[in-house]
Amino acid sequence: MSIQAPPRPLELAVQSLLRDQALAISAMEELPRVLYLPLFMEAFSRRHFQTLSVIVQAWPFTCLPLGSLMKTLHLETLKALLEGLHMLLTQKVRPRRWQLQVLNLQDVDENFWAIWPGACTLSCFPEAMSKKETAEDCPRMEKHQLLKVFIDVCLKEIPQDECLRYLFQWVYQRRGLVHPCCSKLELETRNMSWPQLIRKLLCYLKEMKNLRKLVFSRCHHYTSDNELEGWLVAKFNSVFLRLEHLQLLKIKVITFFSGHLEQLIMCLQNPSENLELTCGYLLEEDVKCLSQYPSLSYLKHLNLSYVLLFRISLEPLGTLLEKIAASLKPLILEGCQIHYSQLSAILPGLSRCSQLTTFYFGRNCMSMDALKDLLCHTSGLSNLSLETYPAPEESLNSLVRVNWEIFTPLRAELMCTLREVRQPKRIFIGPTPCPSCGSSPSEELELHLCC
């Protein structure tokens, strides 16, 4: 029979304080630092709201990292924490042990809660973290002392989340007391139109002037009102102009911006390293604007997967590739329905992308001759470690499926052509996942030929 270990003195002290909430509150200023974290966690899990409110007012560390706790945070618990912070911030005479400078809501703080007790460096950990974040993530910090609030927002739906809505409202109402720093906003919506999305987002984006990463996913286009659509785009762009630090823009399902992409790109004021426009279609004027703006001249990652580019000129895309040839690493043009008659427009630019590490070109319409020409133009791309290409159209049957008897020797011929100009690392030609090994393109897999 197993014998349960007796509670440690630290645990007994915490349990005793929580049983007598009045004692815990009155003694908070005198508690040893070693008790704060376990007491906070117990009060948090048991929802002792008044104790939580008092704990944050006497918090003896420079950083209060709540990010990893947000997943289990309830609205009443959040209100108690923020009420304690409000009382702290509005006091003319701060508590004797007050050190709090950073409220960190980014999900990067698991170790802070996990390593207590017994880690002698813990008392220094929050201070080191706050210094790093202050310098790197919030470059325009005010000289006078404000509580810095760091948050990365990842929304599976537009804020139906009461905690997040309450938090935004709390920060907004205390702009003179706190300094919000949001560097990343990721948004995934289902069954929501762009008009609905933009209306709901405007109030949040206005306050995110340091935003660096903006991701929209699964947004749909349910309006045929061109006047309304134009007004919404203009409204959205007026907010974009305030996002001076935006470096990554990712939009999945881009139908709404078709014909308006230039207005969006114009709002990218800083050089952008990552541009992802996926799952939709672009008009010819949209593609032209990609090569015209300085903000896209330093791209390291370009993803246009499943954006229909059929029957439009790709010369602007070729021009863009030439401009970013020295920096581009992943280039994803999979499923764009590019026809071999369009290929010559992008080959010169592609051949100059000397830093390219990943090239996805599967699910496009290519003849055998076009594929050979494409492979020959990759001769100088020595850094390529992962590449995908479609089966040549000569190997497809009337249902656009691969005829393996025809395809197998053609694939061998393409590999022979490629080996004459360079030695590939990991390459997929034809459908994926690979029917011979069952694997799909991934940088995580061990590099090998799949041909």
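Before anything else, a note to myself: a helix here is a DSSP run of H or I, at least four residues, and helices are numbered from the N terminus. I am working from a predicted model.

**Entry 1: a pair within helix 5**

I started with E76 and K79, which both sit in helix 5, 3 residues apart, about one turn of the helix. Their side chains form a salt bridge, and I get 3.9 Å for the closest N and O atoms. The cut-off for a salt bridge is 4 Å, so this pair falls within it. Are the two partners buried or exposed? E76 has a relative accessible area of 43%, so I put it down as partly exposed. K79 comes out at 30%, and therefore goes down as partly exposed too.

**Entry 2: helix 5 against helix 8**

Next I looked at what helix 5 packs on. Two packed helices are described by the angle between their axes and the distance between the axes, so I looked up both. Helix 5 covers residues 75-90 and helix 8 covers residues 162-173; their axes come within 10 Å and cross at roughly 15°. The two helices are therefore roughly parallel to each other, with angles under 35 degrees counting as such. I noted the crossing of helix 5 past helix 8 as right-handed.

Which residues make this contact? From helix 5 I listed L75, L78, K79, L82, L85, H86 and L89, and from helix 8 E162, C163, Y166, L167 and W170. Sorted by type, the residues of this contact give 9 nonpolar, 1 polar and 2 charged. K79 turns up here again: it is one of the helix 5 residues meeting helix 8, and it also holds the salt bridge with E76.

**Entry 3: helix 3 against helix 4**

I did the same for helix 3 (33-46) and helix 4 (residues 49-57). The axes come within 9 Å and cross at roughly 150°. That angle makes helix 3 roughly antiparallel to helix 4; the class needs an angle over 145 degrees. The crossing of helix 3 past helix 4 is left-handed. On the helix 3 side I found Y36, L39, F40, A43 and F44 in the contact, and on the helix 4 side T51, L52, I55 and V56. The split for this contact is 8 nonpolar, 1 polar and no charged.

While there, I checked E30 in the loop between helix 2 (21-26) and helix 3. Its relative accessible area is 60%, so E30 is exposed. I also took the C-alpha separation of E30 and A58: 9.4 Å, for residues 28 apart along the chain.

**Entry 4: salt bridges across the sequence**

How many salt bridges are there by the rule I use? The count comes to 7. Besides E76 with K79, I followed up a pair made by R352 and E322, with 3.7 Å from N to O. This pair links distant parts of the chain, 30 residues apart: R352 is in the loop between helix 14 (347-351) and strand 12 (358-360), while E322 is in helix 13 (residues 315-323). R352 is partly exposed at 48%, and E322 is partly exposed at 42%.

Then I looked up R363 and E334, whose side chains meet in a salt bridge of 2.7 Å, N to O. They too link distant parts of the chain, 29 residues apart, with R363 in the loop between strand 12 and helix 15 (368-376) and E334 in the loop between strand 11 (330-332) and helix 14. Is each partner buried or exposed? R363 is partly exposed at 45%, whereas E334 is buried at 13%.

**Entry 5: a buried serine**

I went to S295, in the loop between helix 12 (284-290) and strand 9 (301-303). S295 has 6% relative accessibility, so it counts as buried. What does S295 touch, leaving aside neighbours within four places in sequence? I wrote down I265, L268, N270, P271 and S272.

**Entry 6: positive phi**

Most residues other than glycine have a negative phi, so I went after exceptions. Q337 is one, with a phi of about 55°. Q337 lies in the loop between strand 11 and helix 14 and is partly exposed at 42%. V400 also has a positive phi, about 60°, without being a glycine. I placed V400 in the loop between strand 13 (386-389) and helix 16 (404-419), and at 60% relative accessibility it counts as exposed.

Notes. Residues numbered from 1 in each chain as written. Predicted model: local features only at pLDDT ≥ 70, side-chain atom pairs only at ≥ 80, totals over all residues. Heavy atoms only, no water. Axes fitted to C-alpha atoms, helices over the stretch in contact; angles between N-to-C directions. Parallel < 35°, antiparallel > 145°, perpendicular 65-115°, else oblique. Left-handed = near helix turned anticlockwise from the far one by under 90°. Contact = heavy atoms within 4.5 Å. Nonpolar A, V, L, I, M, F, W, Y, C, P; charged D, E, K, R; others polar. Buried < 20%, exposed > 50% of the residue type's maximum accessible area, 1.4 Å probe, protein only.
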